[in-house]
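Work through these exercises with the structure open. Each task is followed by a worked solution.

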Amino acid sequence: MLRTSRLLATRRLLPLGYSPAACKRLQYSHAARSAEGRPRVHANSQGSLSSWLHHSGLLQRSPALRNAGPALLYQNALRYEPGTAISSTGALIATSGKKTGRSPRDKRVVEEASTVDGVWWGPVNKKLSEESFSVNYERAVNYLNTRERLYVFDGYAGWDPKYRIKVRVVCARAYHALFMNNMLIRPTQEELETFGEPDFTIFNAGQCAADPGVEGVGSETSVAISFERKQMVILGTEYAGEMKKGVFTVMHYLMPKAGVLSLHSSCNEGPDGDVSLFFGLSGTGKTTLSADPQRLLIGDDEHVWTKNGVFNIEGGCYAKTIDLSAEKEPEIFNAIRFGSVLENVIYDDDSRVVDYADCSITENTRCAYPIEFIPSAKVPCVGGKPQNIVLLTCDAFGVLPPVAKLTPAQAMYHFISGYTAKIAGTEEGVTEPEATFSACFGQPFLVWHPVKYAQMLAQKMQENNVSVWLVNTGWNGGAYGAGKRISLKYSRAIIDAIHSGELRDAEYSTYGVFDLQIPTAVSNVPARVLDPSQAWEGTPEEFNGTISKLAHLFQANFKKYADKATPDIIAAGPRL
């Protein structure tokens, strides 16, 4: 029988088939662990934490579990958190409750003297007063003070010591602690003992609803950031991805302020040291296409580009698992083992084998795992200056080509536009792909105006003579509902052709309304697929009407940025 995960309080707490010694060997962490699975923290370090917690208003009913190891977190999750189990491969299965995706409509940024003139205020960054943030904070702390167990995880955001920040997470679920253990950069034992005061703190009281009556809140879910207080408060959602993206939002503000470019991108490195960046929103293939066994993975989602090269912000990966298989995505499939966290999946109650095709709970099933679980990961997660940039889009209209070579002006136009389709499940209320424009391929996480990021990227591209490609992993042969999703093997073949230099030397033809240069041939990709007008299964009139509709959407969207864009960038858009 297939069931959702459930509490197994009376079961043994080791993954099926693993001995205690094997679990200890598999347990991932840079910090040394004691036999109980907790780091050996010196008394003065624990005392400093206790003082910090007390100063924050947290009155501990028992000592907080700081940087607890996976074994102990498994034990507590299974014992105290309903809906938890261990998969047949050893991953911890957890449920995030009602919220199974991010809640961008409930994100708030505090309006403060230091940020009032810098933040891009509007639908992405909605204002919250300092007074309302304080109410949220007190509500979160009061809730955390009622918990029998508190978890603290101290880690880093950013692999470059010059730019990294110290992040502290305070939460009441072992699931959340293990998740952030995987997603942040885990400190060494020495770093943990000398960690000191955090640069930013997340107070996760997601099990406690926000007060909709608080000015600026408006619902029972609230994800609020104060840059002056260096705090993030989560109420009314247990979806762990809010913490991950909260850290990225903070870095997306701090890094440009420090003169370096933060990017919503994955990144990998070839045998010759050539680095590629992959931009794209959730569901476009960023994680999948960057996990290439022939290349070293620097990171799957968040990076920073400095004068010396790139570095990953995170210490792990957060991969979608819907329809996951060992055949299609072996690197990700094999990373789901002891220490990983599976979210909102369906599994067989007897064998504990996960059914990755089952989306009964959500389309947005995911797994969080340390980056070392990918055999080809490069640690430390740093690389040289990028040579290729891939702008990934998921075109639900079925009229954008699987690959096109972009001019510098086109690269800026499409980067600022950030066209894609929201994939079902990644946000609350999205049940099928929707055409959308997400500036810089990451609008929900922008803090500065999109043009600031675009100008910084344009400068980097010019300085490093970077080739830029538009790659569509969406529909071909027709729009969503009529056509088919472009085969992953074709997308992989296209990326291989970019890296091998095949597309650099290929012959190109001009593609109609969007004036894109598309290759006439790519190894292991049918020629018909490369040209959407040839792949279209409907009538020519239907195709022309669909591509015109998308072109109009592009033009209407870009009006928001036209006053700050140069004439050549404006001219790089579709022409009707």
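## Exercise 1: Charges over rings

Task: Find which ring the charged end of R229 sits over.

Solution. The charged end of R229 sits over the ring of Y137, 4.9 Å from the ring centre. The test is that CZ of Arg or NZ of Lys is within 6 Å of the ring centre and within 35 degrees of the ring normal. K452 offers another case: its charged end sits over the ring of W448, 4.8 Å from the centre.

Two notes on the model. It is predicted, so local features need pLDDT of at least 70 and side-chain atom pairs count only at pLDDT 80 or more, while totals for chains, interfaces and linings use all residues. Residues are numbered from 1 along each chain as its sequence is written, and side-chain values use heavy atoms, with hydrogens and water left out.

## Exercise 2: Aromatic pairs

Task: Classify the pair Y74 and F338, then place both residues in the chain.

Solution. Step one is the rule. Rings of Phe, Tyr and Trp (its six-membered ring) pair if their centres lie within 6.5 Å; planes under 30 degrees apart are stacked, over 60 edge-to-face, the rest tilted. The whole structure holds 21 aromatic pairs. For Y74 and F338, the centres are 4.6 Å apart and the planes meet at 40 degrees, so this pair is tilted.

Step two is position. Y74 lies in helix α3 (residues 70-80), and F338 in the loop between α9 (330-334) and β18 (341-343). The two are 264 residues apart, so the pair links distant parts of the chain. Helices (H or I, at least four residues) and strands (E, at least two) are DSSP runs, numbered from the N terminus.

Step three is burial. Buried means under 20% relative accessible area, exposed over 50%, partly exposed in between (1.4 Å probe, protein chains only). Y74 is buried at 0%, and F338 is buried at 2%.

Now compare W536 and F543. This pair is edge-to-face, with 5.4 Å between centres and 75 degrees between planes. W536 is buried at 11%; F543 is buried at 8%.

## Exercise 3: An aromatic cluster

Task: Locate the cluster that contains Y413.

Solution. Y413, Y419, F437, F514, F554, F558 and Y561 form one aromatic cluster.

## Exercise 4: Lining of the largest cavity

Task: Find which element supplies the largest share of the lining of the largest cavity.

Solution. The largest share, four residues, comes from α7. Both β10 (222-226) and α7 (241-257) supply at least two lining residues each.
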